[in-house]
Amino acid sequence: MKVAIIGCGSIAVSQHIPAYMNHPKVEIKYFCDARKEAAEKAVKQFGYGIAVTDYREVLADPEVEAVSVCTSNKTHSDISIAALKAGKHVLCEKPAARTYEEALAMQKAQHETGKILNIGVVNRFNTNVNKLKELIDQG
């Protein structure tokens, strides 16, 4: 499966990219960032891929099946919706959106396209966080 990283900041470099690289059936085709130097740094650091600055270029590539949206929070919904409409599965970093309306628009695009939209809310699986929630619920 060919994927793309959209946003090459710290969460992409520390979490998304290594996770994809550890999967034998995944290839990162693009490293995309509005800051050209960030995309190029990722290509150099990880030793492969294509550096681009416009996420629309990534979405136009039919080989790319999925994207990780690791951009600033204000762009999560727009990029995720565009990716879903382009036929890509989406893993979007948290928060999904800035407003409830943006989140609903993301959900609507997911339902319309049938593609996977997952929000990286990893703490829901964290044992310590779940224990805290249990203690809170107990008063």
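Begin by selecting F31, which is buried, with a relative accessible area of 0%, where buried means under 20% relative accessible area, exposed over 50% and partly exposed in between, using a 1.4 Å probe and protein chains only. The model on screen is predicted, so local features need pLDDT of at least 70 and side-chain atom pairs count only at pLDDT 80 or more, whereas totals for chains, interfaces and linings use all residues. Residues are numbered from 1 along each chain as its sequence is written, and side-chain values use heavy atoms, with hydrogens and water left out.

**The rings around F31**

Which rings are linked with F31 into a cluster? Add F46 and Y48 to the selection, since ring pairs link F31, F46 and Y48; rings of Phe, Tyr and Trp (its six-membered ring) pair if their centres lie within 6.5 Å, and planes under 30 degrees apart count as stacked, over 60 as edge-to-face and the rest as tilted. The structure holds two aromatic pairs. In the stacked pair, F31 and F46 lie 6.1 Å centre to centre with 10° between the planes, and this pair links distant parts of the chain, with F31 in strand 2 and F46 in helix 2, 15 residues apart. Helices (H or I, at least four residues) and strands (E, at least two) are DSSP runs, numbered from the N terminus. F46 is buried, with a relative accessible area of 16%. The pair of F31 and Y48 is edge-to-face, at 6.3 Å centre to centre and with 70° between the planes; here F31 in strand 2 is linked to Y48 in the loop between helix 2 and strand 3, 17 residues apart. Y48 counts as partly exposed, at 25% relative accessibility.

**Helix 2**

Next select helix 2, residues 36-46, in which A38, A39, A42, V43 and F46 are buried. Seen down the helix axis, these buried residues fall within an arc of 140°, so they line one face of helix 2; the arc is that of the directions from the helix axis to the C-beta atoms. Turn to the other side of helix 2 and K36, E37, K41 and K44 are exposed. Helix 1 (10-21), strand 2 (27-32) and strand 3 are included in what covers the buried residues of helix 2. Just after helix 2, G47 takes a positive phi of about 85°.

**The sheet**

Now show the strands: six of them form an open sheet in the order 3-2-1-4-5-6, with parallel pairing, and two strands pair if DSSP finds at least two bridges between them. Strand 3 (50-52) and strand 6 (117-120) stand at the edges, each with a single partner strand, so one side of each is left without a neighbour in the sheet. From one strand to the next, the twist averages 20°. Helix 4 (residues 76-85) packs on the sheet, touching strand 1 (2-6), strand 4, strand 5 and strand 6, and its direction makes about 170° with that of strand 5; axes are lines fitted to C-alpha atoms, for helices over the stretch in contact, and angles run from 0 to 180 degrees between N-to-C directions.

Select strand 4 within the sheet, where five of the six residues are buried, so strand 4 is largely enclosed by the rest of the structure. Five bridges join strand 1 to strand 4, running parallel, and I6 stands opposite V69 in strand 4. Strand 4 (residues 64-69) is also joined by four bridges to strand 5 (residues 89-93), again in parallel, with V69 opposite C92 in strand 5.

**Two buried charged side chains**Select E93, whose place is in strand 5, and which is buried, with a relative accessible area of 10%. Its side chain is joined to that of H16 by a polar contact of 2.8 Å; a polar contact is a pair of N or O atoms within 3.5 Å, of which, within protein, one must be able to donate a hydrogen and the other to accept it, while residues adjacent in sequence count only if both atoms are side-chain atoms. Not counting residues up to four places away in sequence, E93 touches I11, H16, V69, C70, H76, I119 and G120, with contact meaning heavy atoms within 4.5 Å.

Finish at K29, placed in strand 2: is K29 buried or exposed? At 15% relative accessibility, K29 counts as buried, and its side chain makes a polar contact with the side chain of E63 (2.5 Å). With residues up to four places away in sequence left out, the residues that K29 touches are K2, V3, G49, I50, D61, E63 and V64.
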